[in-house]
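Please walk through the model below from the whole chain down to single residues. Keep the structure open while reading.

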Amino acid sequence: VEVNDHPKSTELLVMKIDVAEKKPRTIVGKIKSFYTKEQLKDKIVLVICNLRAAKLAGVKSQGMLLAAVSQTKDGKKVALLSPASDVSLGATLVPKDIKVT
């Protein structure tokens with residue numbers, strides 16, 4: 001929905017992400033050196049929503065982005081995870097062989 005620079009950090013971005021709730025969630029992530037704001041705008045990502053909210057450099061974050069991190073000869077590489085196919089907004093990610101009650 002929206003991506004902005006963090007007011008107190010040069011490494012963090014503040015994102016408003018629609019997870020099919022009444023209001024978008026604010027997610028603060030340390031991904032500024034890996035993604036531009038334009039690359040993140042309207043990107044479909046996986047979000048962990050069942051975490052307790054935490055303040056990161058003074059901004060309340062209501063979840064976490066899922067990403068794969070690898071070390072390359074050129075440094076660290078971060079790839080945000082996205083669904084492999086079209087899914088509805090707010091779809092639930094459930095590990096294989098786990099029963100959801």
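The paragraphs that follow go from overall layout to core, then to a few chosen residues.

This is a predicted model. Begin with the chain as a whole. The protein chain holds one helix and nine strands. Read from the N terminus, the order is β-β-β-α-β-β-β-β-β-β. The C-alpha trace spans about 40 × 35 × 25 Å along its principal axes. Take the contacts in the protein chain with a separation of 6 or more: residues 24 or more positions apart account for 43% of them.

Now the surface. The accessible surface of the protein chain comes to about 7,600 Å². Carbon and sulfur atoms own 52% of that area. The protein chain carries 18 positive and 10 negative side chains. The centres of these two sets lie 7 Å apart. Of the 101 residues, 25% count as buried.

Which residues touch the most other members of the largest nonpolar core? That core has 13 residues, and the answer is Met-15, Ile-17, Ile-31, Leu-40, Val-47, Leu-65 and Leu-80. Strand 2, residues 13–17, supplies the largest share of this core, with three residues. In soluble globular proteins, nonpolar side chains tend to be buried together.

Leu-65 is a good place to look at the packing. Set aside residues up to four places away in sequence. Leu-65 then touches Met-15, Ile-17, Ile-27, Ile-31, Val-45, Leu-46, Val-47 and Leu-80. Select Leu-65 and these partners together to see the cluster.

Next, move to Thr-26. Thr-26 belongs to strand 3, which covers residues 25–29. Is Thr-26 buried or exposed? The relative accessible area of Thr-26 is 11%, and buried means under 20%, so Thr-26 is buried. Its side chain has a polar partner: the side chain of Lys-16, at 2.9 Å. Beyond its neighbours within four places in sequence, Thr-26 is in contact with two stretches of chain. One list runs Val-14, Met-15 and Lys-16. The other runs Val-59, Lys-60, Ser-61, Gln-62 and Gly-63.

Step back along the chain to Pro-24. Pro-24 sits in the loop between strand 2 and strand 3. Its relative accessible area is 37%. That value falls between 20% and 50%, so Pro-24 is partly exposed. Leaving out residues up to four places away in sequence, Pro-24 touches Val-1, Lys-16, Ile-17, Asp-18 and Gln-62. Look at Gln-62 in particular. Pro-24 and Gln-62 are 38 residues apart in sequence, yet their C-alpha atoms are 9.8 Å apart in space. Gln-62 also appears among the contacts of Thr-26, as does Lys-16.

Finally, check the backbone. Which value does phi of Ala-20 lie near? It is near 65°, a positive value in a residue other than glycine. Ala-20 lies in the loop between strand 2 and strand 3. With a relative accessible area of 48%, Ala-20 is partly exposed. Ala-57 also has a positive phi, about 55°, although it is not a glycine. Ala-57 is in the loop between strand 5 (54–56) and strand 6 (59–61). Ala-57 is partly exposed, at 38% relative accessible area.

Notes. Residues are numbered from 1 along each chain as its sequence is written. This is a predicted model: local features need pLDDT of at least 70, side-chain atom pairs count only at pLDDT 80 or more; totals for chains, interfaces and linings use all residues. Side-chain values use heavy atoms; hydrogens and water are left out. Helices (H or I, at least four residues) and strands (E, at least two) are DSSP runs, numbered from the N terminus. Buried means under 20% relative accessible area, exposed over 50%, partly exposed in between (1.4 Å probe, protein chains only). A polar contact is a pair of N or O atoms within 3.5 Å; within protein, one must be able to donate a hydrogen and the other to accept it, and residues adjacent in sequence count only if both atoms are side-chain atoms. Contact means heavy atoms within 4.5 Å. A nonpolar core is a set of buried Ala, Val, Leu, Ile, Met, Phe, Trp, Tyr and Cys residues joined through side-chain atoms within 4.5 Å. Accessible areas come from the Shrake-Rupley method with a 1.4 Å probe; for residues, only the protein chains shown count as cover. Lys and Arg count as positive and Asp and Glu as negative; His and the chain ends are not counted. The place of a charge is taken as NZ of Lys, CZ of Arg, CG of Asp or CD of Glu.
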